[in-house]
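Please open the model in your viewer and set it to show side chains as sticks. This tour goes from one selection to the next and says what to look for at each stop.

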Amino acid sequence: MRSPVFAGAVAHLARATPLLVVLVLCLLPCLTSATAQEAAPDASTPASAAGADEPAPEALADPEPPPPPASLANARATMRTFLESFDPAKAPSDRNPLDQAASCLDLSAIDEALRRGQGRELAVQLKEALDKTVLIEFDRLPASPDAQPWRLPVADTGEVVLAPSADGAWRFTAATVESIPELLQALRGLEKVEGVTETGPLTPAMWIRSLVPPALLDVTFLLENWQWLGILLLAIVGVLVDRLVVAGAQGGIQRYLERRTEALDTDQLRASLRPIGLFAAAGIWRLFIHWLGLPTQVLRVLVVAIEFVGIVAFVWAMYRLVDVVAAVLELRARRSANKFDDLLVPLFRKSAKVFVAALGIVFIADNLDIEITSLIAGLGIGGLALALASQDLVKNLFGSLMVIVDRPFSVGDWVVIDGVEGTVMELGFRSTRIKTFYDSTITLPNSNLISAAVDNYGARTYRRWKTYLGLVYSTPPEKVEAFCEGVRELVRLHPEMRKDYFHVYLNQFSASSIDVLLYVFFDTPDWGAELRARQRLALDILRLAHELGVEFAFPTQTLHLHRAEAAAEPPPSAGYGERVEAGHGEARRRAAALVESFSSTPESLPGEGS
């Protein structure tokens with residue numbers, strides 16, 4: 001039978017959390033799109049820097065590598081391409097001018113994830129350093145691809161070098177690219193030389209640099225002062241976004257669930273939404289970290305840390321969201337009459353968490369550049385040992401599936417399994433937890449459920465009570481009959497008793513009592529209700545016995561004292577057989593009379609089972 005909760009509750013909850021869905025869909029590209037774009041190879045990336053495999057020595061001669069593009073064929077062409085990228089009249093219209101300028105830089109020393117953004121920023125910084133050093137005259141640069149590297153001293157502390165890269169194209173060397181921030185710092189305060197092409201602040205970092213006071217451009221420790229302030233401000237903005245997202249999402253979800261007559265614990269909901277705020281903060285940091293113009297080494301560390309926090313927050317958020325969904329499903333399952341829902345909700349929670357955890361491990365490993373394929377392939381070496389070690393795990397899994405399919409019990413049932421008696425609390429993939437009646441918890445492996453006999457007291461329709469009512473031997477037979485009939489009438493009138501099957505009869509003679517069998521069934525849903533019904537019936541029996549003058553027996557011993565008298569002479573043996581035969585006849589006559597008198601009463605009274 002299909003569960004009513006799982007048929008519609010998931011879709012119902014999905015409509016209840018539109019804010020979370022929109023937020024995740026909007027912020028996830030913030031952490032991934034920039035990385036994907038920066039990692040895409042472009043014309044600015046040399047063949048050796050694009051991650052291409054080094055060719056084997058035999059393949060170096062055949063086929064021949066393609067010639068470099070004309071725009072990077074020699075030092076003069078590269079310099080012309082670089083400077084014209086900043087001239088609005090000569091900049092290309094089919095691509096971003098900064099991408100063309102970055103193609104003139106050897107970015108092989110920069111991580112692929114940062115290459116695109118850092119290439120643009122470094123190209124702008126190199127243009128500013130050249131503008132403050134010399135007016136470039138193209139005729140003075142070599143036009144031969146076989147010429148020596150071109151060098152330009154800058155600020156007596158460094159130099160700008162143009163040289164062929166590994167693919168034959170002329171670019172500003174990797175050492176020059178690495179020294180650009182230092183060159184720009186050494187030239188701080190100098191005016192641009194006359195005749196250079198004026199360009200505005202083409203990147204956010206250059207725009208911010210043009211606005212901050214000169215004192216904030218000094219380097220006190222590793223970074224410029226304004227960059228430290230920018231990191232602090234960005235951290236504060238991220239924290240504020242975190243708080244706003246959590247508060248907004250919590251209020252929206254609570255209002256929606258209240259309209260649906262479903263309410264979650266405020267602390268639980270807030271704890272579940274906490275990683276959503278952290279994920280939003282990581283998205284803000286990832287978007288605006290490039291605005292600070294940080295050095296490549298510092299930016300690499302910060303970007304990896306931010307992406308790691310973002311991925312962990314995303315996985316954490318999905319993990320917590322499973323708890324929210326499971327809590328709503330539990331509320332709906334409690335209101336439904338189908339106990340199968342109570343069994344499925346814990347399984348859904350655990351399976352969803354396992355899936356989210358596995359997904360998170362893959363994401364984190366990818367962020368840390370761990371090769372998942374080789375790791376999984378390595379596990380094949382120990383496949384046999386893993387298979388042997390996982391036998392119990394497979395058995396437990398099959399035990400869980402057997403419970404789901406056969407449904408031998410539900411959550412809350414009173415069961416006896418392999419001598420373990422108690423109430424079923426939760427069914428998991430590996431084990432079933434049972435709460436015993438002495439308030440302890442027993443964890444039973446699900447593999448035991450495959451072959452064990454499950455005695456489910458919770459599945460009973462009626463609850464049996466079999467006992468004996470001991471009457472004293474001095475009770476007359478008429479009172480015994482009246483008492484039994486009175487007890488039968490109590491059973492017929494009792495509101496929580498089974499009326500179509502019960503027995504109340506004189507059953508046996510014990511050492512100190514006449515025992516009346518009481519064999520009845522209670523129509524109650526649980527053990528507590530059964531105890532209340534049993535007490536009510538027992539008290540009614542006591543009142544009935546008091547009204548009829550019937551006494552209940554208890555174990556007693558009677559001591560008879562006999563005074564010795566003169567020994568009587570034994571009866572003569574003559575005539576003994578006749579006396580025995582006469583006694584038998586009298587007994588048969590009296591017994592027949594009793595049976596005849598009893599046959600006038602109905603054998604099966606109305607309302608009494610046979």
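A charge is said to sit over a ring if NZ of Lys or CZ of Arg is within 6 Å of the ring centre and within 35 degrees of the ring normal. This is a predicted model, in which local features need pLDDT of at least 70 and side-chain atom pairs count only at pLDDT 80 or more, while totals for chains, interfaces and linings use all residues. Residues are numbered from 1 along each chain as its sequence is written, and side-chain values use heavy atoms, with hydrogens and water left out.

Select Arg498 and Phe521 to begin: the charged end of Arg498 sits over the ring of Phe521, 5.5 Å from the ring centre. Then select Arg80 with Phe138, where Arg80 lies over the ring face at 4.4 Å from its centre.

Turn now to rings that meet other rings, of which the structure holds 10 aromatic pairs (rings of Phe, Tyr and Trp, the last by its six-membered ring, with centres within 6.5 Å; planes under 30 degrees apart count as stacked, over 60 as edge-to-face and the rest as tilted). Select Phe279 and Phe314, whose centres are 5.5 Å apart and whose planes meet at 45°, so this pair is tilted. Both Phe279 and Phe314 are buried, a word that means under 20% relative accessible area (1.4 Å probe, protein chains only).

Go on to Tyr519 and Phe521, with centres 5.5 Å apart and planes at 85°, so the pair is edge-to-face. Tyr519 is buried at a relative accessible area of 18%, and Phe521 is buried at 12%.

Finally, select Phe82, Phe86 and Phe172, which ring pairs link into a cluster.

How values were computed: Buried means under 20% relative accessible area, exposed over 50%, partly exposed in between (1.4 Å probe, protein chains only).
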